[in-house]
2 protein chains.
Amino acid sequence: MTTAPRTLSLGAFVQGAGGHIAGWRHPEAYAAGQLDFAFHAELARVLERGRFDALFIADVAALWGHQMDALSRSGRAEHFEPLTLLSALSTVTEHIGLVATATTTYNEPFHVARKFASLDHLSHGRAGWNIVTSVVPLEAANFGRSEHLEHELRYRRADEFVEVVRALWDSFADGSLLRDKASGSYYDPAGLRPPHHQGEHFTVRGPLNISRPPQGHPVLFQAGSSQTGMAFGARHGEVLFTLQADLAGAQAFYAGVKKQVAAAGRNPDHVLIWPILFPLVGGTEEEARRKVAELDELVHDDVARRLVQDNIGDLDLTEYPLDGPVPDIPDSNRSKSRRDLLLGLARQENLTIRQLALRISGGATVAGTPEQIADHLELWFTERGADGFNVSFPYLPGPAVDFVDQVVPLLRKRGLVHETYEGSTFRENLGLPRPASQEVAA
Amino acid sequence: MTTAPRTLSLGAFVQGAGGHIAGWRHPEAYAAGQLDFAFHAELARVLERGRFDALFIADVAALWGHQMDALSRSGRAEHFEPLTLLSALSTVTEHIGLVATATTTYNEPFHVARKFASLDHLSHGRAGWNIVTSVVPLEAANFGRSEHLEHELRYRRADEFVEVVRALWDSFADGSLLRDKASGSYYDPAGLRPPHHQGEHFTVRGPLNISRPPQGHPVLFQAGSSQTGMAFGARHGEVLFTLQADLAGAQAFYAGVKKQVAAAGRNPDHVLIWPILFPLVGGTEEEARRKVAELDELVHDDVARRLVQDNIGDLDLTEYPLDGPVPDIPDSNRSKSRRDLLLGLARQENLTIRQLALRISGGATVAGTPEQIADHLELWFTERGADGFNVSFPYLPGPAVDFVDQVVPLLRKRGLVHETYEGSTFRENLGLPRPASQEVAA
């Protein structure tokens with residue numbers, strides 16, 4: 001076990017125009033910010049001022065949902081491809097980790113290994129890969145599949161995919177790039193180890209055509225909360241984020257994952273648990289709650305219906321009254337843990353479709369004064385429900401600025417977060433070890 | 001036909017550490033530049049000072065060749081993934097077009113459409129896609145294939161691939177992104193047209209999850225010089241680059257392509273022909289030739305052998321004397337036009353393996369004073385062997401700086417090139433029309 005004191009880590013979870021589905025409609029939101037690089041650059045600078053560890057770009061390789069009319073009312077219809085955006089952001093930031101989602105279901109390991117290695121070199125060791133197996137049915141239709149790959153099968157594919165990607169990152173041993181003009185030796189052939197992988201899903205010879213990433217491997221993020229997903233995270237993940245409704249649930253998840261990590265032969269201190277946090281700061285608790293209510297009023301009926309449908313199953317809710325109960329919804333091939341969590345919540349609290357929608361719209365789950373929000377973070381952190389948080393702001397940039405200027409100083413005062421970036425890579429700033437390189441034969 | 005006077009366009013062809021296979025060993029070369037973003041940023045700024053139209057990143061999704069020992073002596077063992085590099089460069093440049101190679105053989109149309117659209121938005125209309133069908137056998141092995149796709153088949157796949165990508169770029173009509181907070185309408189559903197493509201190689205529903213690129217479509221580059229490749233270029237290409245040994249060959253290619261373009265129902269003025277140029281500037285002709293000889297001496301025997309082998313066929317040349325004749329080499333599944341050109345040259349001039357290697361090492365084919373080089377460009381341009389040039393510098397950054405500071409001013413003085421960037425997009429600077437958008441139903 002490490003003896004360094006725990007410190008709380010922070011990531012900003014950026015999903016389209018903001019974490020709240022109707023956030024783009026807020027009077028202070030920058031609605032055209034999605035495709036404006038200057039907007040993203042300014043956000044990244046704000047986050048570095050708050051010493052956020054990571055800027056995390058959520059992603060799907062499709063529109064975010066499938067009911068086009070409802071989508072036309074959400075701010076998630078367009079966004080930069082994450083690797084291109086983060087590469088551009090690497091030039092205007094110095095410290096923050098740059099994390100992008102990429103699916104193992106509709107990608108090739110060689111391309112994924114290469115892009116993240118390239119970002120890691122561009123950013124001098126600040127890349128992170130959020131491994132997903134895809135949940136949106138439209139992705140399948142964009143890649144020649146009539147149906148999304150079955151849940152267990154896509155995790156098997158993901159296991160092999162990650163194995164190949166790691167082997168590709170290790171194609172060149174550390175230090176094997178000599179670039180010696182006199183002898184004409186650009187690299188030491190003894191340091192080259194192409195994976196020559198042959199498996200169930202992939203055959204990849206390698207080597208990768210870029211030297212080993214500065215971090216060894218970019219930091220691996222993952223978010224599966226199903227049994228299969230948690231086991232996958234325990235094997236591969238270094239930062240696991242999760243949606244948890246309350247501290248008890250977060251603690252159970254935290255303890256369960258750390259146990260699985262240890263059982264998998266890994267050090268539990270080297271796997272960080274980051275619940276998603278939806279904060280909204282107000283001068284008073286009442287002001288914060290009023291802000292939430294204002295956001296909720298901006299959610300169009302069609303969007304509310306779609307949100308429930310997209311998150312829970314395949315049932316068309318068009319004919320169901322929005323202010324009536326959530327009907328029985330048949331199982332689907334999407335994220336199981338999220339479905340169970342949300343349906344459970346709806347049954348337990350007897351929610352209407354609209355009420356459930358507002359719970360999953362990305363509206364603040366922690367709305368209050370800076371002190372109240374800092375208290376929440378401190379409680380979950382010290383009570384082992386969290387090592388850090390993946391923070392989603394309802395719209396941008398205002399609520400992110402408020403969090404950085406009002407909540408972060410309190411976390412600093414309480415000694416929960418680092419004051420400055422002390423490491424030279426993302427991995428170092430998170431306190432995660434650098435994966436060892438193969439040895440070069442002498 | 002357009003009545004505007006023709007102007008000569010310039011692209012910089014960047015391939016690893018430089019166009020010459022041993023360029024990285026030159027005393028003035030920056031050998032570690034490949035993975036140093038600052039180096040690429042400085043090069044891009046130099047090129048903008050010279051009002052280059054394009055910075056073009058050549059690429060393969062593998063190491064550049066397959067004889068690992070020889071590769072260890074070349075500067076092409078590592079390079080940034082082009083889309084990540086160009087996205088980063090978009091933040092430190094204002095005008096230059098950013099062109100990357102991406103293969104249609106080992107990619108999915110959705111990913112390619114998305115990345116180039118994203119780069120086009122990031123750069124405010126400066127993206128270009130060089131469409132290739134792949135020629136390096138190692139690429140197949142990195143994507144689960146035991147053999148490279150057969151020549152005709154990979155062009156059929158490429159045709160369909162380009163069709164899908166263009167349809168994806170057109171998913172949202174121009175002007176359909178409303179982002180109207182009051183009505184809550186982010187886009188106009190009438191402006192959305194998902195491709196719903198079902199073809200021989202691809203099934204892609206769409207829409208793309210990003211609005212139409214600023215240029216409508218990024219500029220399409222292509223370089224096939226075989227019969228099949230030329231026909232493909234005539235159908236899809238907007239800038240065609242080509243390797244031509246002399247003016248007569250270039251003129252024949254130029255006339256042939258323009259005729260095919262017209263036959264395909266397109267305006268020949270909207271397809272630019274860019275022969276590859278390998279210039280090396282000296283204060284005198286003798287000095288320039290001495291520079292070439294110095295570079296040639298840096299080519300290691302193994303590298304010379306590999307160059308011939310990789311460019312011509314599958315015969316292992318290890319047992320053949322480097323200073324003996326080029327043997328008969330069996331046909332392979334690689335670039336046919338390049339093979340025919342090089343073998344023809346070897347036979348015609350009775351070249352040894354080493355001599356042929358030095359012809360294809362990327363050493364200067366036009367070495368001389370700035371005036372001599374400008375004369376060459378002017379002749380090929382006015383005699384209709386070229387509309388512009390894809391300029392490859394043997395190493396970097398020196399020879400690029402020399403070209404910008406010594407050759408470009410002469411081209412300006414002669415009225416051959418524009419003095420400044422006059423358009424607001426890459427496409428406009430090249431004098432190419434913007435593809436029309438679908439009409440939005442009223």
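Here is a short back-and-forth on reading the A–B interface and one helix in this predicted model.

Me: Where do I start with the interface: how many residues does each chain put into the contact?

Reply: Begin with the residue tally, then look at area. Here chain A brings 72 residues and chain B brings 72 residues. Putting the two together buries about 6,100 Å², with 60% of that from carbon and sulfur atoms. On chain A's side, A:Arg114, A:Lys181 and A:Tyr186 give up the most area to chain B, together 12% of what that side buries.

Me: And which polar links should I look for, say how many salt bridges between chain A and chain B?

Reply: Go for the charged pairs, then the wider polar set. There are four salt bridges between the chains; one pairs the side chains of A:Glu78 and B:Arg179, at 2.8 Å from N to O. Counting polar contacts across the interface gives 45 residue pairs.

Me: Which element gives the largest share of chain A's side?

Reply: That's α4(A), with seven residues. By residue class, the side of chain A that touches chain B splits into 36 nonpolar, 22 polar and 14 charged.

Me: Now a helix: why is α7 of chain B described as largely enclosed?

Reply: Check burial residue by residue, taking under 20% relative accessible area as buried. Seven of the ten residues in α7(B), which spans 227–236, are buried, so the rest of the structure largely encloses that helix. Among them are B:Met230, B:Phe232 and B:His236.

Me: What do the buried residues of α7(B) pack against?

Reply: Their neighbours, in chain B, are strands β4, β9 and β10 plus helices α6 and α8.

Key: Residues numbered from 1 in each chain as written. Chains lettered and ligands numbered in written order. Predicted model: local features only at pLDDT ≥ 70, side-chain atom pairs only at ≥ 80, totals over all residues. Heavy atoms only, no water. Contact = heavy atoms within 4.5 Å. Buried area = accessible area lost by both parts, 1.4 Å probe. Polar contact = N/O pair within 3.5 Å; in protein donor to acceptor, adjacent residues only side chain to side chain. Helix = DSSP H or I, 4+ residues; strand = E, 2+ residues; numbered from the N terminus. Nonpolar A, V, L, I, M, F, W, Y, C, P; charged D, E, K, R; others polar. Buried < 20%, exposed > 50% of the residue type's maximum accessible area, 1.4 Å probe, protein only.
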